[in-house]
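Here is a short briefing on one structure. Read it alongside the sequence and the coordinates.

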Amino acid sequence: MLTIRNATLADGRQVDVRIDTSAGRIAGVGSTLTESGDSIDATGKLLLPGMIDAHVHFRQPGFDHKETWETGSRSAAAGGVTTVVDQPNTDPPTVDGDAFDRKADLAADSYVDYGINGGVTPDWNPDELFDRPVLALGEVFLADSTGEMGIEEDLFREAVERATDEYRVVTVHAEDADLFSAEARERDGDDYDAWSAYRTAEAEAAAVERAVEIGAEADAQVHIAHTSTPEGVDAATAGGATCEVTPHHLFLSRGDYDELGTFGRMNPPLRSEDRREALFERVADGTVDMVATDHAPHTREEKDASIWDAPSGVPGVETALPLLLEEARKDNLTYERVRDLTAANPADVFGLTRRGTVEQGLMADLVLVDPDESREIRGDDLHSKCDWTPFEGMAGVFPELTMVRGNVVYRSESAEFESIDADGEFGEAVGRNVRK
Ligand SMILES: NC(=O)N[C@@H](CC(=O)O)C(=O)O
Ligand SMILES: [Zn+2]
Ligand SMILES: [Zn+2]
């Protein structure tokens with residue numbers, strides 16, 4: 001048994017939380033728990049359910065030079081993420097049984113729990129995929145992005161029907177390439193803003209509308225990945241789909257290309273400051289279901305190219321919760337909203353019924369932070385293989401301790417313990433497939 005004493009929960013309650021470390025579950029939440037075993041004094045600290053990041057690219061197999069399960073999951077743990085959902089645009093792409101098995105073997109290196117999504121291409125094998133513990137289908141690409149897995153509408157319809165039969169969510173990358181701007185494509189390679197002008201906001205809204213329409217016909221559970229515009233969010237919610245917003249679309253906009261150059265290139269692209277603000281409102285008021293990072297690392301060397309040649313994607317798994325906690329510190333979001341966006345809602349949407357809140361009986365996936373302790377984000381301090389961050393210089397509130405099913409997988413140097421041995425920052429790689 002381990003007791004976290006006198007912690008403050010997102011709703012303001014002050015409680016002791018008892019953890020059955022051998023079962024990995026929360027044994028009790030209350031104000032008068034008798035102490036037995038080890039304890040952590042959490043006076044003045046905030047205790048949150050670990051973040052469930054529904055959208056990461058950990059790049060293995062195939063692109064170990066960008067990220068591995070080990071480095072990606074360390075970055076997750078250090079950022080307070082206890083479950084990640086990995087996307088299928090690896091090499092081989094996760095579209096059949098062999099590819100799934102290969103990824104599942106590699107994922108054994110993970111420090112945090114994980115779901116593995118199945119991808120959809122013309123030669124996917126749904127029978128093999130659904131024979132295995134796939135969490136969801138997705139991201140299903142309606143337009144090309146990294147990995148060039150864009151598919152036609154007929155195949156999308158087939159995938160949606162199949163996922164529905166198998167009681168799985170379909171996560172959709174919604175952009176319509178027919179609505180990209182041919183005119184913007186003519187601009188010079190050092191005109192970075194051209195990327196945003198090219199992959200238009202209309203292309204997102206139209207694809208979201210189409211995806212939710214097809215989803216509704218099949219009675220499917222459609223989840224729109226990385227919605228970058230208020231129009232995209234509104235189309236998703238109007239059509240009964242859920243949606244996620246990334247930290248980069250929440251905290252960066254087209255004005256940031258001056259500083260970021262191609263390091264600000266991702267799909268969907270950065271939007272205007274007006275759209276960013278409207279997106280933030282929808283995150284703050286609960287219209288948006290969750291924040292997911294679309295952690296998509298590429299090396300500096302790869303990014304160092306023209307805006308037309310650089311790969312799309314930015315890292316983010318370690319900085320998402322810290323950036324949101326900084327907004328809560330500044331009273332721009334409530335702690336309850338942060339909890340719902342990062343844990344309770346993704347658990348609901350993806351059917352992770354034993355996770356996402358701090359409650360008796362649930363998995364002890366927990367994050368402890370000092371909510372007033374804000375520091376500068378620096379790429380050098382992060383644990384991803386990707387040694388840069390688009391959020392360089394911004395402020396974040398980082399975890400002191402991250403626990404996955406009762407195992408301490410990360411502790412920052414500032415975390416103090418009573419009777420817990422504190423050798424090294426990271427504990428063991430204990431990650432498991434959440435669907436198994
Ligand atoms: N978002 C990106 O710009 N890139 C992602 C793919 C994706 O999520 O579309 C990647 O895997 O690099
Ligand atoms: Zn995508
Ligand atoms: Zn992605």
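Helix 1 is largely enclosed by the rest of the structure, because eight of its ten residues are buried. The model is predicted. The points below start with that helix, then turn to two annotated sets of residues, ligand 1 and a position in helix 13.

**Helix 1**
- The buried residues of helix 1 are W69, T71, G72, S73, S75, A76, A77 and A78.
- Cover for these buried residues comes from elements that include strand 7, helix 2 and strand 8 (113-116).
- Strand 17 (401-404) and strand 18 (407-411) are also among the covering elements.
- G80 follows helix 1 and has a positive phi, near 85°.

**First annotated set: H57, F58, R59, N89 and H298**
- UniProt, in an unreviewed entry, gives the feature "binding site" at H57, F58, R59, N89 and H298.
- These residues span 242 residues in sequence, yet no two of their C-alpha atoms are more than 13.5 Å apart, so they gather at one spot.
- From this set, H57, R59 and N89 belong to the lining of the largest cavity.

**R59**
- R59 sits in the loop between strand 6 (51-56) and helix 1 (69-78).
- R59 has a relative accessible area of 3% and is buried.
- Leaving out residues up to four places away in sequence, R59 touches ten residues that include D64, K66, E67 and D86.- Also among the contacts of R59 are N89, T90, T146, A296, P297 and H298.
- Two of these names, N89 and H298, recur in the UniProt "binding site" set above.

**N89**
- N89 lies in the loop between strand 7 (81-86) and helix 2 (97-106).
- N89 is buried, at 6% relative accessibility.
- Beyond residues up to four places away in sequence, N89 touches H57, R59, F63, F141, T146 and M149.
- The side chains of N89 and H57 are joined by a polar contact of 2.7 Å.

**Ligand 1**
- Around ligand 1 there are 17 residues, of which R59, N89, S145, T146 and D294 come nearest.
- H57 places a polar side-chain atom 3.2 Å from an oxygen atom of ligand 1.
- N267 has a polar backbone atom 2.8 Å from an oxygen atom of ligand 1.
- For G313, a backbone N or O atom lies 3.2 Å from an oxygen atom of ligand 1.
- Ligand 1 taken alone exposes 310 Å², and the protein buries 100% of that.

**Second annotated set: E139, H173 and H226**
- UniProt also lists E139, H173 and H226 under "binding site", again in an unreviewed entry.
- These residues span 88 residues in sequence, but no two of their C-alpha atoms are more than 10.1 Å apart, so they gather at one spot.
- E139, H173 and H226 are included in the lining of the largest cavity.

**H173**
- H173 belongs to strand 10 (residues 170-173).
- H173 counts as buried, at 1% relative accessibility.
- Setting aside residues up to four places away in sequence, H173 touches E139, V140, F141, L142 and A143, among others.
- The contacts of H173 also include S145, R199, H226, N267 and P268.
- A polar contact of 3.1 Å links the side chains of H173 and E139.

**H226**
- H226 is in the loop between strand 11 (222-224) and helix 7 (230-238).
- H226 is buried, with a relative accessible area of 1%.
- Not counting neighbours within four places in sequence, H226 is in contact with residues including H55, E139, H173, E204 and E244.
- T246, H249, N267, P268 and D294 are also among the contacts of H226.
- The side chain of H226 makes a polar contact with the side chain of E139, at 3.4 Å.

**D340**
- D340 is placed in helix 13 (residues 335-349).
- D340 is buried, at 17% relative accessibility; the cut-off for buried is under 20%.
- Apart from residues up to four places away in sequence, D340 touches D289, N345 and P346.

Terms used: Residues are numbered from 1 along each chain as its sequence is written. Chains are lettered from A and ligands numbered from 1 in the order in which they are written. This is a predicted model: local features need pLDDT of at least 70, side-chain atom pairs count only at pLDDT 80 or more; totals for chains, interfaces and linings use all residues. Side-chain values use heavy atoms; hydrogens and water are left out. UniProt positions are given in the numbering used here, feature names are shortened, and annotations may be inferred rather than shown by experiment. On a 1 Å grid over the protein atoms alone, a cavity is a set of points where a 1.4 Å probe fits but cannot get out, and a pocket is an open set with protein on both sides within 12 Å along at least five of seven lines; lining residues have an atom within 4 Å of a point. Helices (H or I, at least four residues) and strands (E, at least two) are DSSP runs, numbered from the N terminus. Buried means under 20% relative accessible area, exposed over 50%, partly exposed in between (1.4 Å probe, protein chains only). Contact means heavy atoms within 4.5 Å. A polar contact is a pair of N or O atoms within 3.5 Å; within protein, one must be able to donate a hydrogen and the other to accept it, and residues adjacent in sequence count only if both atoms are side-chain atoms. A residue is near a molecule or strand if one of its heavy atoms lies within 4 Å of it. Accessible areas come from the Shrake-Rupley method with a 1.4 Å probe; for residues, only the protein chains shown count as cover.
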